[in-house]
Amino acid sequence: MEKYFRWMPFATYTAVLTYLLLIPSDRLPFVLSTTSDKTLHFLAFALLMLLYLAGLSNFFIRRKVYMPYLVAGFAGLSLFSGLLEIFQYFIPGRSGSLADFGFNNLGLLAGGFFAWMVNCLVSYCAASASD
């Protein structure tokens, strides 16, 4: 049962992110409509990757994540990102762009890299403490 609960933050965040990316621009919260679009895309998808990795196998608790899962996760989330950009063409006041797609993918890579660094530090600290 625990493995289902660890996916809840990822699922909830994905639903909220999808909603925010697919509502008309005049209904966006003020703080989101005044912040740089590219910065928001980068940060949103970096957090999405972190939550994916956290749900995958308790990534931050020294469990190994196999490369095929990382690649599949990146590919799936990148596809999700691309579909959201395409769907934005059909939303009033929104427009999808290749630049947004690029920043989404940079965010995914940055989130994965950050998680990898944290995982290495935690593993190193745990190994040092046991010596």
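Let me start with one word: buried. A residue is buried when its relative accessible area is under 20%. Over 50% counts as exposed, and partly exposed sits in between. Keep those cut-offs in mind. One more thing before we go on: this is a predicted model.

Now the overview. The chain has six helices and zero strands. Read along the sequence, the pattern is α-α-α-α-α-α. The chain has 131 residues, and 33% of them are buried. What about contacts? Take those with a separation of 6 or more: residues 24 or more positions apart account for 75% of them.

Let's go to α5, where the word buried gets its first use. Helix α5 runs over residues 67-87. That is 21 residues. From first C-alpha to last, α5 reaches 30 Å, close to the 30 Å expected at 1.5 Å a residue. Which residues of α5 are buried? They are G73, L77, S78, S81, G82, L84 and E85. These buried residues cover an arc of only 165° around the axis, which puts them on the same side of α5. Now turn to the other side of α5. There, P68 and L79 are exposed.

Stay on α5 for one more residue, Y69. Is Y69 buried or exposed? Neither label fits: Y69 has 47% relative accessibility, so it counts as partly exposed. Leave out residues up to four places away in sequence, and Y69 touches Y52 and L56. Look at the second of those. Y69 and L56 are 13 residues apart along the chain, and their C-alpha atoms are separated by 8.3 Å.

Next, α2. This helix covers residues 8-22. It has 15 residues and reaches 21 Å from its first C-alpha to its last. The expected span at 1.5 Å a residue is also 21 Å, so α2 comes close to it. The buried residues here are F10, Y13, T14, L17 and L21. Seen down the axis of α2, they fall within an arc of 105°, so they line one face of the helix.

Pick out Y13 from that face. Y13 sits in helix α2. What does Y13 touch, not counting residues up to four places away in sequence? The answer is A44, L47, L48 and L51. Take L48 from that list. Y13 and L48 are 35 residues apart along the chain, yet 7.3 Å separates their C-alpha atoms.

Those partners bring us to α4, residues 37-57. And α4 brings us to the pocket. The largest pocket has a volume of about 420 Å³. It is lined by 21 residues, and the closest to its centre are L21, D37, L40, H41 and R94. We have met L21 already, among the buried residues of α2. Which elements give two or more residues to the lining? They are α2, α3 and α4, with α3 spanning residues 30-34. The largest share comes from α4, with six residues. By class, the lining has 11 nonpolar, seven polar and three charged residues.

On to α6, residues 98-130. Two residues here make a useful pair. N105 is in α6, and so is L106. N105 has a relative accessible area of 13%, so it is buried. L106 is at 46% relative accessibility and therefore counts as partly exposed. N105 touches F74 and S78, again leaving out residues up to four places away in sequence. You will remember S78 from the buried residues of α5. As for L106, its C-alpha atom is 8.2 Å from that of F45. Those two residues are 61 residues apart along the chain.

Last stop, a loop. P92 lies between α5 and α6. P92 is exposed, because its relative accessible area is 58% and the cut-off is over 50%. Setting aside its neighbours within four places in sequence, P92 is in contact with P24 and S25. P92 and P24 are 68 residues apart along the chain, and their C-alpha atoms are separated by 5.4 Å.

To recap. We have six helices and zero strands. In α2, the buried residues line one face. In α5, the buried residues share one side. And the largest pocket draws its largest lining share from α4. Thank you.

Conventions: Residues numbered from 1 in each chain as written. Predicted model: local features only at pLDDT ≥ 70, side-chain atom pairs only at ≥ 80, totals over all residues. Heavy atoms only, no water. 1 Å grid on protein atoms, 1.4 Å probe; cavity = no way out; pocket = protein on both sides within 12 Å on 5 of 7 lines; lining within 4 Å. Points joined across faces, edges and corners; volume = space filled by probe spheres on them. Helix = DSSP H or I, 4+ residues; strand = E, 2+ residues; numbered from the N terminus. Nonpolar A, V, L, I, M, F, W, Y, C, P; charged D, E, K, R; others polar. Buried < 20%, exposed > 50% of the residue type's maximum accessible area, 1.4 Å probe, protein only. Arc of directions from axis to C-beta. Contact = heavy atoms within 4.5 Å.
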